[in-house]
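Grab a pencil and take a look at the structure below. We'll work through a few short exercises together, one step at a time.

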Amino acid sequence: MTEKRKRLVINISLILSVYVILFVLIKLKVINRYYEGIMIACLINVILATSLNLATGFLGQLALGHAGFMAVGAYTAAIVTKTVGMPGTLQLLISLVIGGIAAGAMGVVIGIPALRLRGDYLAIITLGFGEIIRVMLFNLDITGGARGLRGIPKLAGFNVVFWVCVLVVAILYAVTHSKQGRAIMSIREDEIAAEAVGIPTVNYKLLGFVLAAFFAGVGGGLYAHYMTVLDPKTFNFMRSVEILVIVVLGGMGSLTGSIIAAIGLTILPEALRSFSEYRLLLYSALLIVMMIFKPGGILGQREFSVQGLLKRLKKPVVEGGEE
Amino acid sequence: MSLLSCKDIGISFGGLKAVDGFSIDINQKELVGLIGPNGAGKTTIFNMMTGVYLPTEGDIQLDGKTIVGKKPYDIVRMGAARTFQNIRLFRDLTVIDNVKIALHHEIDYGLFAGILRGKKYDRAEEKAQVEAMELLKIFEMEEYAEQKAKNLPYGKQRKLEIARALATNPKVLLLDEPAAGMNPQETQELMDTIHFIRDHFQIAVLLIEHDMNLVMGICERLIVIDYGKIIAKGTPDEIRSNEQVIGAYLGS
């Protein structure tokens with residue numbers, strides 16, 4: 001009990017201090033608009049990657065259409081904000097939830113047929129879904145067609161994005177450490193055994209997948225209200241792959257791994273800008289090297305924790321018998 | 001009334017009749033062995049009893065209710081738990097989580113309570129922890145609780161699978177070749193464990209086995225099948241001298 005409270009206090013103070021530092025740096029203009037933009041892109045990628053990790057890392061179902069869910073959330077949230085027009089953060093939160101629900105509903109629609117089957121059907125179906133969404137966005141009037149959706153009020157800044165991101169990760173962490181989370185992980189480990197100990201596998205596969213879709217929708221909603229312009233081209237297959245790469249690199253089944261990888265892989269292409277055309281080459285080479293030397297991802301299935309880190313740092317001293 | 005009863009069940013895969021006219025009645029607290037040569041259809045019968053396969057003929061009743069057409073996870077909740085011939089543990093999860101997953105339906109809180117982490121969550125999780133540890137203690141595995149299941153030695157993995165099945169609180173336990181791959185000493189230990197389970201948990205056990213010594217040693221009743229059909233039934237002594245059985249095993 002006290003252990004649990006101690007962890008909670010450590011985590012909250014850590015998050016708060018990160019927030020305060022970043023907030024002050026922004027206010028002091030040490031972090032300029034360009035860096036702030038990268039930071040927000042990082043945070044949105046954290047939401048997308050951690051949510052996809054629930055479906056792919058914890059549940060073990062390969063999903064290739066995360067950008068599609070993100071797009072559904074982004075467009076729905078943007079359209080809600082544009083039509084309702086209540087100013088302020090409350091409007092944003094309502095839009096985000098509605099965007100998330102729309103994406104989650106899409107998750108139910110494609111999840112029910114795909115997840116009743118065992119195997120990799122979901123990968124193919126989500127792949128198709130992502131493309132269908134993209135093509136629809138190009139051709140519908142309500143989404144602005146190929147010109148994109150313009151004039152979305154800029155309701156999301158660093159503050160909102162940061163706290164929504166924290167909330168999403170906290171919820172995902174809680175889910176993965178509950179009985180529902182254990183049921184989800186048991187399906188990844190062995191679906192037949194999970195059924196044989198009484199886990200209703202279809203329900204839990206659907207739960208994991210729909211939660212992932214929901215939070216992808218929330219992430220999309222934030223993206224819409226930060227960018228103020230939505231271009232259907234950004235939600236293509238490569239975007240889905242990008243998110244998947246983050247999940248694999250961070251470690252399937254590690255939320256903190258996804259966070260680290262999301263930040264790293266969002267900053268990396270920007271940091272490599274000075275190499276101009278060699279940028280993608282370096283990016284790919286880095287991924288290959290990473291996968292050769294650490295095939296399980298940065299953290300594997302472990303979670304990063306301050307206490308765990310301290311324990312690790314202390315250990316060699318004790319073993320070596322120094323001091 | 002018998003606990004688990006199969007009446008004339010059969011299943012065909014295409015033109016092949018894998019099991020034909022198989023009947024069995026298992027009473028409470030009984031230890032029954034199901035034996036037969038390779039490919040006789042033993043595991044297929046298990047798969048029908050646990051809802052993995054749908055029998056094409058006949059009826060299976062558990063505690064007076066038919067289980068034909070029910071999903072495996074529903075049948076578990078009705079009281080029939082099983083282990084697998086090739087161990088199927090949740091390999092990358094800890095030993096205690098393996099057991100807790102089987103306690104799923106006893107842990108009483110919803111998704112939102114799990115996210116909000118209130119009192120209910122704490123209480124339920126603590127209770128699950130205690131229950132899971134108790135089960136591990138019975139199998140003398142409490143020291144391995146936080147280890148990953150895949151890192152256990154083979155014999156312990158078998159035991160963990162049985163512990164996990166017992167966590168679902170079954171009325172009848174179906175063990176599919178529990179002694180496969182074990183050395184004589186481990187087999188002896190396993191026989192003691194199975195006896196102990198029956199007495200301690202007061203449940204019926206149905207056992208598939210190749211190892212004749214094991215089944216002869218502990219089963220009260222044996223059923224021998226070959227080519228999907230029952231060729232003999234009776235006490236171990238009767239089976240030992242049954243010519244048809246000797247023929248099936250040694251070739252006649």
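Here are three exercises with worked solutions, all on a predicted model.

**Exercise 1.** Work out how H2(A) and H9(A) are oriented to each other.

*Solution.* Start with what you need: two packed helices are described by the angle between their axes and the distance between the axes. Next, find the helices: H2 covers residues 33–58 of chain A, and H9 covers residues 201–227 of chain A. Their axes lie 7 Å apart, at an angle of about 165 degrees. Angles over 145 degrees count as roughly antiparallel, so H2(A) and H9(A) are roughly antiparallel to each other. To finish, add the handedness: H2(A) and H9(A) make a left-handed crossing.

**Exercise 2.** Find the residues with a positive phi that aren't glycines, and decide whether Lys29(A) and Gln202(B) are exposed or partly exposed.

*Solution.* Lys29(A) is one of them, with a phi of about 65 degrees. You'll find Lys29(A) in the loop between H1 and H2 of chain A. Exposed means over 50% relative accessible area, so Lys29(A), at 68%, counts as exposed. Now for Gln202(B): its phi is about 55 degrees, and it sits in the loop between helix H7 and strand S8 of chain B. Gln202(B) reaches 45%, so it counts as partly exposed.

**Exercise 3.** Which element gives the most to the nonpolar patch?

*Solution.* First list the members: Leu8(A), Ile12(A), Ile15(A), Leu16(A) and Trp163(A), sharing about 430 Å² of accessible area on the surface. Helix H1 of chain A, residues 2–27, gives the most, with four residues. Leu16(A) is in helix H1 of chain A, and its relative accessible area of 40% makes Leu16(A) partly exposed.

Methods: Residues numbered from 1 in each chain as written. Chains lettered and ligands numbered in written order. Predicted model: local features only at pLDDT ≥ 70, side-chain atom pairs only at ≥ 80, totals over all residues. Heavy atoms only, no water. Helix = DSSP H or I, 4+ residues; strand = E, 2+ residues; numbered from the N terminus. Buried < 20%, exposed > 50% of the residue type's maximum accessible area, 1.4 Å probe, protein only. Axes fitted to C-alpha atoms, helices over the stretch in contact; angles between N-to-C directions. Parallel < 35°, antiparallel > 145°, perpendicular 65-115°, else oblique. Left-handed = near helix turned anticlockwise from the far one by under 90°.
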